[in-house]
Protein chains: 2
Amino acid sequence: MTSPTAARLARLRERMQSAAVDALVVSARNNIRYLSGFSGSSGALLVTPHEVLLFSDFRYRIQAAEQAPDFEFVEVQRHLMKAVGERARADGARALGYDPANLTCEGRDELSAGAGDGDLRPCAGLVEELRALKSADEVEQIRAAAALADSALERLIPMLRPGATERSLAVEAEFAMRRMGADAAAFDVIVASGPRAALPHAEPTDRELEVGDVVVIDIGAKRHGYCSDMTRTFVVGRASQQMREVYSIVYRAQAAGVAALAPGVACADVDAAARAIIADAGYGEAFGHGLGHGVGLDVHEAPRLGREEETKLAVGHVVTVEPGVYLAGVGGVRLENLLVVREGGPETLTSSPLPAELPIV
Amino acid sequence: MTSPTAARLARLRERMQSAAVDALVVSARNNIRYLSGFSGSSGALLVTPHEVLLFSDFRYRIQAAEQAPDFEFVEVQRHLMKAVGERARADGARALGYDPANLTCEGRDELSAGAGDGDLRPCAGLVEELRALKSADEVEQIRAAAALADSALERLIPMLRPGATERSLAVEAEFAMRRMGADAAAFDVIVASGPRAALPHAEPTDRELEVGDVVVIDIGAKRHGYCSDMTRTFVVGRASQQMREVYSIVYRAQAAGVAALAPGVACADVDAAARAIIADAGYGEAFGHGLGHGVGLDVHEAPRLGREEETKLAVGHVVTVEPGVYLAGVGGVRLENLLVVREGGPETLTSSPLPAELPIV
């Protein structure tokens with residue numbers, strides 16, 4: 001077995017040993033992809049000290065052979081987890097690990113039925129912790145995905161005119177990324193205008209932009225499986241004094257969060273550095289979400305930059321820093337860059353300009 | 001509370017009584033949407049005989065008020081299921097139902113920690129069984145989604161020329177649906193050409209169409225949350241004798257499956273009616289998936305038309321009929337219509353032509 005897969009499996013097996021399991025069921029789609037290359041929508045891996053099996057169904061027989069040629073393919077028609085358990089038992093697994101955050105109760109029951117008297121042990125985050133630390137190649141994949149979103153945003157800005165609908169703008173932004181080679185948008189593009197900018201996860205509507213609207217655009221591309229994520233806020237025509245102030249606060253909070261990104265710093269402390277600026281300005285209640293999150297094969301993955309996250313940052317973590325202030329009925333501002341943690345300070349993977357003052361379009 | 005939510009909750013409460021639970025946790029996103037109208041990516045409902053609570057986080061506070069104004073909103077920062085369990089306990093729930101197919105092991109552990117000595121009971125499919133039977137309004141939503149896919153396919157056919165890539169065709173088809181008002185594609189559009197047509201769930205690649213290629217196009221739109229699904233197969237320029245034969249077999253299998261769709265018929269018998277034609281023609285091994293599936297808020301939902309599905313069809317079931325023959329290294333054919341089961345025979349919701357002979361483009 002060549003290339004990243006073998007090294008990833010070797011690291012996973014070390015972690016399995018520490019977790020005292022001699023076999024591990026991998027059930028999350030992107031964990032399977034990370035370890036095997038297989039990107040199908042249904043499947044599981046069984047990792048033992050000496051082999052890895054890929055379980056999926058008829059639909060993916062050929063794809064599995066293409067994407068994971070060195071893995072033994074086990075074709076299962078139904079009750080996939082039961083088949084995994086049966087194989088683990090047949091292979092003599094004594095302690096069988098599974099991921100409680102990525103296995104349904106039904107899946108665990110099937111696994112248990114198949115494994116018989118095997119000892120099932122919850123093992124959370126074994127693969128996620130590997131995935132959190134990006135290789136140089138992975139950083140380049142994410143950088144390339146970020147560049148697609150940068151280009152799409154650049155094309156979108158001239159379209160932010162009165163009369164344009166949120167929905168049409170979101171669709172055009174996504175198409176721009178796809179035409180340039182994105183697999184897909186990394187998530188549904190958010191274009192939230194006027195009072196709708198107060199919804200952190202707004203779905204684009206047929207609302208037409210009006211003069212005076214703030215417009216929050218949250219956009220990311222997926223390319224070769226890897227995601228990007230960024231947010232910019234604009235205003236159409238003219239800005240209210242309040243929105244200019246709020247923008248400036250969020251801008252300073254974003255910079256403070258970025259400045260705090262360093263190996264060894266607790267994620268909660270990065271969140272706190274940005275949050276203090278918003279709270280000191282009197283908008284603490286209006287920033288109700290965490291400061292950021294890891295990005296990789298999933299657009300939200302480890303580590304989380306949140307108030308209670310004691311995880312320490314490390315070189316190779318790729319995270320967003322995205323403070324926001326949301327004022328119901330009025331509007332909102334969010335600013336988000338994507339960065340990789342480095343020894344000498346974070347490197348920004350987002351290339352779109354981030355002006356210090358609310359940009360008027 | 002007004003339509004259709006109130007009626008759906010009333011039917012659910014009857015089912016809860018039959019299942020001997022006095023409270024139910026609803027955790028699947030589209031089950032939440034069906035019952036409440038709330039479409040956020042994270043949340044849960046707690047349904048008791050006299051109230052319904054919607055649990056989600058800060059990001060969805062405003063959206064929840066817009067989409068589910070009659071539901072009590074409970075804002076939770078983390079450990080959503082623990083909060084649900086605590087509320088169920090505080091409300092005196094004795095038997096708390098949950099859906100084992102749509103709750104992770106971790107979620108169940110949290111729910112259990114919150115509910116304390118409450119009695120947790122697995123209740124599979126309570127909401128899914130309601131959803132399987134579509135109202136007249138829901139059928140119209142699905143019909144409208146199907147019409148978007150029909151229009152997109154019509155625009156795509158002239159683009160099926162040598163040199164066009166699978167990826168560019170898939171992107172154009174999706175954009176056409178989105179521009180016409182689709183929320184999104186119901187699933188990643190499949191454009192599988194030449195030998196790649198042998199992959200039932202092929203991901204579009206940069207492969208260019210060549211003269212002699214069969215091209216399988218599997219496309220669906222999502223509109224107002226409701227999905228559609230259809231598949232057509234074409235050939236570029238000229239067809240091999242084998243592919244013409246295979247097409248004809250699949251065409252007859254599709255017609256036989258449709259002819260078998262009637263209230264009271266077991267899903268397995270519909271599958272068998274189509275499968276017999278393919279098996280009799282000597283291609284039984286090359287049709288490795290089920291004949292079809294229900295379509296609604298999810299593109300794959302109850303009922304399943306599969307070999308072991310004893311569920312009886314009923315008026316209001318909306319299902320696909322999609323036999324296929326897949327020949328590794330050679331190509332494949334799949335033909336799929338979307339239909340609603342009616343007393344007097346099924347009604348087809350797909351309007352795209354379905355020629356009896358392999359169409360040459």
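## A tour from one buried alanine

Select A115(B) to begin: with 24 C-beta neighbours inside 10 Å, this residue counts as buried, because the cut-off for that label is 20 or more. Keep in mind as you look around that this is a predicted model.

**Stop 1: around A115(B).** Now colour residues 105-115 of chain B. This is helix α5, and A115(B) lies in it. Which residues does A115(B) touch, leaving aside those up to four places away in sequence? Select G85(B), A88(B), R89(B), L96(B) and L120(B), and you have them. For a sense of scale, add D271(B), which is 156 residues from A115(B) along the chain. Draw a line between their two C-alpha atoms, and you should find a separation of 43 Å.

**Stop 2: where the chains meet.** Show both chains together. The contact takes 27 residues from chain B and 27 residues from chain A. Which elements give two or more residues to the side of chain B that touches chain A? They are α3 (61-67), α5 and α8 (166-179) of chain B, so you have already met one of them, because α5 is the helix that holds A115(B). Colour that side of chain B by residue type, and you will find 14 nonpolar, 7 polar and 6 charged residues.

**Stop 3: a strand with two partners.** Move to residues 337-340 of chain B, which form strand β18. Turn on the side chains: N337(B) and L339(B) point one way, while L338(B) and V340(B) point the other way. Are these residues buried or exposed? All of them are buried.

Next, add strand β15 (residues 318-321) of chain B, which pairs with β18(B) in the antiparallel sense over 4 bridges. Look for V319(B), standing opposite L339(B). Then add strand β19 (residues 347-348) of chain B, also antiparallel to β18(B), with 2 bridges. Here the bridge partner of L339(B) is T348(B). Follow the chain from β18(B) to β19(B) and you trace a hairpin with 6 residues between the strands. Pause in the turn at G345(B), whose phi is positive, at about 125°.

**Stop 4: chain A as a whole.** Finally, hide chain B and zoom out. Chain A has 10 helices and 19 strands. Its radius of gyration is 22 Å, close to the 21 Å given by the globule rule for 361 residues, so chain A is as compact as a globular protein of that length. Along the principal axes, its C-alpha atoms fill a box of roughly 70 × 40 × 35 Å. Of the 361 residues of chain A, 53% count as buried.

Key. Residues are numbered from 1 along each chain as its sequence is written. Chains are lettered from A and ligands numbered from 1 in the order in which they are written. This is a predicted model: local features need pLDDT of at least 70, side-chain atom pairs count only at pLDDT 80 or more; totals for chains, interfaces and linings use all residues. A residue is buried if 20 or more other C-beta atoms lie within 10 Å of its own, exposed if 12 or fewer, and partly exposed in between; C-beta atoms are placed from the backbone. Two residues are in contact if their C-beta atoms, placed from the backbone, lie within 7 Å. Two strands pair if DSSP finds at least two bridges between them. Ala, Val, Leu, Ile, Met, Phe, Trp, Tyr, Cys and Pro count as nonpolar, Asp, Glu, Lys and Arg as charged, and the others, Gly among them, as polar. The radius of gyration is taken over C-alpha atoms; the globule rule is 2.2 Å times the number of residues to the power 0.38.
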